[in-house]
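Work through the exercises below with the sequence and the structure in view, and try each task before you read its solution.

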Amino acid sequence: MNKVLMKGNEAFGEGAVRAGCRFFFGYPITPQSEIPHYLARRLPQVGGVYLQAESELAAINMVYGAAAAGARVMTSSSSPGISLMQEGISYIACAELPCVIVNIMRGGPGLGNIAPAQGDYFQAVKGGGHGDYRLLVLAPASVQEVIDLMALAFDLADKYRNPVMVVGDGILGQMMEPVELGPLPEVSPPPKPWATTGMLGRKTRNIVNSLYIEPEEMEKVNLRLQEKYRQMAEREKRWEEYRVEDAGLVLVAFGMVARIAKAVVDRLRAADIPAGLIRPVTLYPFPDVPLVRAAERARAFLVVEMNAGQMVEDVRLAVCGRRPVYFYGRTGGMLTTVAEVLSQAEAIWEGLR
Amino acid sequence: MTVCLKPTAGLTGKPFHYCPGCTHGVIHRLVAEALVELGVLERTVGICPVGCAVFAYEYFNCDMIEAAHGRAPAVATGVKRVLPDRVVFTYQGDGDLAAIGTAEVVHAAARGEKITTVFVNNAVYGMTGGQMAPTTLVGQKTTTTPFGRQVAEAGYPLKVAEMIATIDGAAFVARVAVNSPKNILRAKQAILRAFKVQLAGRGFSLVEVLSTCPTNWGLSPPEALKWVEEKMIPVFPLGEFKVPEGEG
Ligand SMILES: Cc1ncc(C[n+]2csc(CCOP(=O)(O)OP(=O)(O)O)c2C)c(N)n1
Ligand code: SF4
């Protein structure tokens, strides 16, 4: 297997191509621009289509049309652009169309800045657009994992006929790491007999819709969607555990912050503080399983995020009052450093004694 | 007995929900007949708007997609890029296309997207209760211009066909009306031609159709047809604003 040095943003593009994605619609925004740059070159090489839309509103609706026509399709953007896509994402979720949306999060709210942040956690996992819907949300923490999770993202999108969001931040997007790339895999997405491709001999018309004027009908759709989300929650929780078995203090962090937290765990262990790390790989469904398990032994949890405290709410729900859950975060694109998190962790551990 | 009007295979036969005297139904029929006559119904994907035609997917006898308000040209772009050999059309009202969705239609035209847009201009937002549209005439009373549209506050009606015709990617742009048998026949020809332009791969095609909204205009159906003739056509002149190069 050949290893190549690859930029995170390029890996989002290459991972999509390897997952059989042949259509990309997007609108430029930092710090994700290398994704469209890469795909504008790469997609024509594999017979695909790259198209720069006039706005994020148009881009997500092009995704909606392409997904309705049965294609593997994606878009990518960064925080303010993702906000503009929310209308379309809600439509896609209700029409039950598969697609992948990449959000390379930046400092906000508002126009904010282009520095790495995790402030869009709520927006990603709690809905974001209007109505009762959920996205599957994946959070890679390395360039290799970007490649792997993009493949998973497209498979899950097709499996559940649901939009999948893959979130990263500017660090993951801009850093270079070696990745293993085999030959371009053969991908065979499942048949899509529901797609609006023109009837061409089909007896019944296919309609892609999210309009249910009768409340009884609309509720039925919602119940079906909720059942789908329940199945996702049952089958698709993913996480990584590091030195948690005997941990008294469990750090919880996702994406790039988890790598900082991992370094903190090693430092704490070196100082004889039994620390561990749980890294959610799926942010929705939220992997509460390892937290519930860890809560039996651990004395406290420390959630570290690059936001004002968003995932900490899901951790508290999972831990459900059994143990104290502390939070440390920086916002606005400020990085959490190993030293900062270490001193927080040490103070918490000291307080428990 | 001679049958002068048979149902078209292009429509499902489900009764329209439109108000009496509304010409949305006539326009549906013209589009459906054109698709049948060109023999492309089986490979057509239509995109519905938000507005009174929101249920159009119940009526057109082909694969249909319901789009968000104004976004139909973007949805159509996605479909056409995946399935370039299919016929793709959007059906949009003036609120849908000329207000919230102006950017989408302008840029679909600019890209020369090989889709056809049927633009139904009834000078008002029908579905939401007769508010002012970008196409509302100066002086026209609506629920949000109770004293008549005043230029100083609400500006001028937007002339979509003329505007789109200035865009290089637009291959065929026409404005027609469905207020008289003669105009209906002309409208049919324009719609046929728009689809032919798409089939020939020449670029974006748009047919603006002047339509009635007796309900929100507060007129009887015959009065509404007269209003199109007397009030709308002078502001929105009929004709072809752009035809493909080499075609007269
Ligand atoms: C995002 C969004 N904004 C507003 C609406 C409400 N809305 C529904 S139909 C409509 C106006 C449609 O008018 P037009 O396109 O002229 O079609 P008509 O009803 O006259 O046929 C509006 C504003 C909506 N559905 N979605
Ligand atoms: S409200 Fe107006 S546009 Fe809508 S169906 Fe009735 S007459 Fe037609």
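**Exercise 1.** In this predicted model, find out in which sense β4(A) and strand β5 of chain A pair, and over how many bridges.

*Solution.* Begin with strand β5, which covers residues 99-105 of chain A, and follow its pairing with β4(A): the two run in the parallel sense and are joined over 4 bridges. Then look for a single pair of residues, and you will find that A:Ser77 has A:Asn103 in β5(A) as its bridge partner.

**Exercise 2.** Determine how strand β2 of chain A is joined to β4(A).

*Solution.* Strand β2 takes in residues 23-26 of chain A, and 2 bridges link it to β4(A), the strands again running parallel. As an example of one such link, A:Phe23 has A:Val73 of β4(A) as its bridge partner.

**Exercise 3.** Explain why strand β4 of chain A can be called largely enclosed by the rest of the structure.

*Solution.* First recall that a residue counts as buried when its relative accessible area is under 20%. Next, take the two faces of β4(A) in turn: A:Val73, A:Thr75 and A:Ser77 lie on one side, A:Met74 and A:Ser76 lie on the other, and all of them are buried. Finally, since 5 of the 5 residues in this strand (residues 73-77) are buried, the strand is largely enclosed by the rest of the structure.

**Exercise 4.** State what percentage of the residues in chain A is buried.

*Solution.* Of the 353 residues in chain A, 59% are buried. To place this in the whole chain, note that chain A has 12 helices and 15 strands.

Key. Residues numbered from 1 in each chain as written. Chains lettered and ligands numbered in written order. Predicted model: local features only at pLDDT ≥ 70, side-chain atom pairs only at ≥ 80, totals over all residues. Heavy atoms only, no water. Buried < 20%, exposed > 50% of the residue type's maximum accessible area, 1.4 Å probe, protein only. Pairing = 2+ DSSP bridges.
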